[in-house]
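Here is a walk through one protein model, from the overall fold down to a few side chains. Have a look at it before reading on.

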Amino acid sequence: MHEAAEVLAAEAALMAGGMGATYGDLGSSWGISKQAARKKWPGAVDDGSGQPEKITVERCGGVAEVTYLPDRGAWSWSAHGGDGTRHEAEEAYTVRWIAMIAAEDFLRDHVDRWGDINVPMALGDPKRCWCWDDDIWAQEPINDA
């Protein structure tokens with residue numbers, strides 16, 4: 001749970017930074033100093049040092065790379081879904097968090113199917129998911145037909 005919370009916090013910090021929040025804002029919202037926020041979420045805020053070149057988003061067993069296009073002053077993404085589908089954004093986004101949301105939407109739409117149910121797996125391994133039960137999955141399937 002801690003790792004998942006850290007991932008969500010980093011994405012929230014990145015989104016807030018993209019919407020104009022400063023490291024001081026991030027720090028005060030988390031009860032830490034702006035220096036600690038800068039160390040915890042490097043690249044979340046445009047502090048004059050330039051845009052991060054690439055942001056990695058991992059969701060639903062897939063990975064997306066959100067990339068800054070300096071020649072266009074915009075963001076794009078490419079992704080490899082959990083089901084093996086690869087895709088690149090068909091448009092450029094002027095705001096990085098909107099590009100991240102589009103990439104996350106793609107990843108959610110391309111989850112590795114587990115049985116007939118679309119279930120996001122913990123870090124891509126179903127046995128690491130909170131819902132995994134060795135005893136249940138070791139049983140022979142029951143045919144009700």
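What follows covers the fold, the strands, the aromatic pairs and the salt bridges.

## The fold at a glance

Keep in mind that this is a predicted model. The protein chain has five helices and four strands, and along the sequence they run α-α-α-β-β-β-β-α-α. In other words, the four strands sit in one run, with helices before and after.

Of the 145 residues, 30% count as buried. The accessible surface comes to about 9,600 Å², and carbon and sulfur atoms account for 52% of that. As for contacts with a separation of 6 or more, 41% are between residues 24 or more positions apart.

## Strands and hairpins

Start with strand E1 (residues 54-59) and strand E2 (residues 62-69), which pair in the antiparallel sense over six bridges. Their hairpin has two residues between the strands, and Cys60 takes a positive phi near 50° there. E2 also pairs with E3, again antiparallel, over seven bridges. That second hairpin has four residues between its strands, and Gly73 in the turn shows a positive phi of about 60°.

Val66 is a handy marker in E2. Ile55 stands opposite Val66, and in E3 the bridge partner of Val66 is Trp77.

## Aromatic pairs

The whole structure holds three aromatic pairs. One of them is Tyr68 with Trp75: the ring centres are 5.0 Å apart and the planes meet at 55°, so the pair is tilted. How much of each residue is accessible? Tyr68 is partly exposed at 22% relative accessible area, while Trp75 is buried at 2%.

Trp77 and Phe106 make another tilted pair, with 5.6 Å centre to centre and 40° between the planes. Trp77 lies in strand E3 (residues 74-80) and Phe106 in helix H4, so the pair ties together parts that are 29 residues apart in sequence. Both Trp77 and Phe106 are buried.

Back at Tyr68, there is also Thr94 to look at: their C-alpha atoms are separated by 9.6 Å, with their positions 26 residues apart along the chain. Thr94 is found in the loop between strand E4 (86-88) and helix H4 (96-109). Thr94 counts as exposed because its relative accessibility is 68%, and the cut-off for exposed is over 50%.

## Salt bridges

Side chains of opposite charge can pair when their charged atoms come close. The structure holds three salt bridges. Glu11 forms one with Arg59, and the closest N and O atoms are 2.2 Å apart. This pair links distant parts of the chain, as Glu11 is in helix H1 (residues 2-18) and Arg59 is in strand E1, 48 residues apart. Glu11 is buried at 13% relative accessible area, and Arg59 is buried at 17%. Arg59 also meets Glu104 in a salt bridge, at 3.9 Å from N to O. Glu104 belongs to helix H4, 45 residues from Arg59 in strand E1, which makes this another link between distant parts of the chain. Glu104 is buried, as is Arg59.

The remaining pair to visit is Arg108 with Asp105, 2.8 Å from N to O. Arg108 and Asp105 are about one helical turn apart because they are three residues apart in helix H4. Arg108 is partly exposed at 38% relative accessibility, and Asp105 is partly exposed at 35%. As for the pairs around Arg59, shared partners join Glu11, Arg59 and Glu104 into one network of salt bridges.

How values were computed: Residues are numbered from 1 along each chain as its sequence is written. This is a predicted model: local features need pLDDT of at least 70, side-chain atom pairs count only at pLDDT 80 or more; totals for chains, interfaces and linings use all residues. Side-chain values use heavy atoms; hydrogens and water are left out. Buried means under 20% relative accessible area, exposed over 50%, partly exposed in between (1.4 Å probe, protein chains only). Contact means heavy atoms within 4.5 Å. Accessible areas come from the Shrake-Rupley method with a 1.4 Å probe; for residues, only the protein chains shown count as cover. Rings of Phe, Tyr and Trp (its six-membered ring) pair if their centres lie within 6.5 Å; planes under 30 degrees apart count as stacked, over 60 as edge-to-face and the rest as tilted. Two strands pair if DSSP finds at least two bridges between them. A salt bridge is a side-chain nitrogen of Lys or Arg within 4 Å of a carboxyl oxygen of Asp or Glu.
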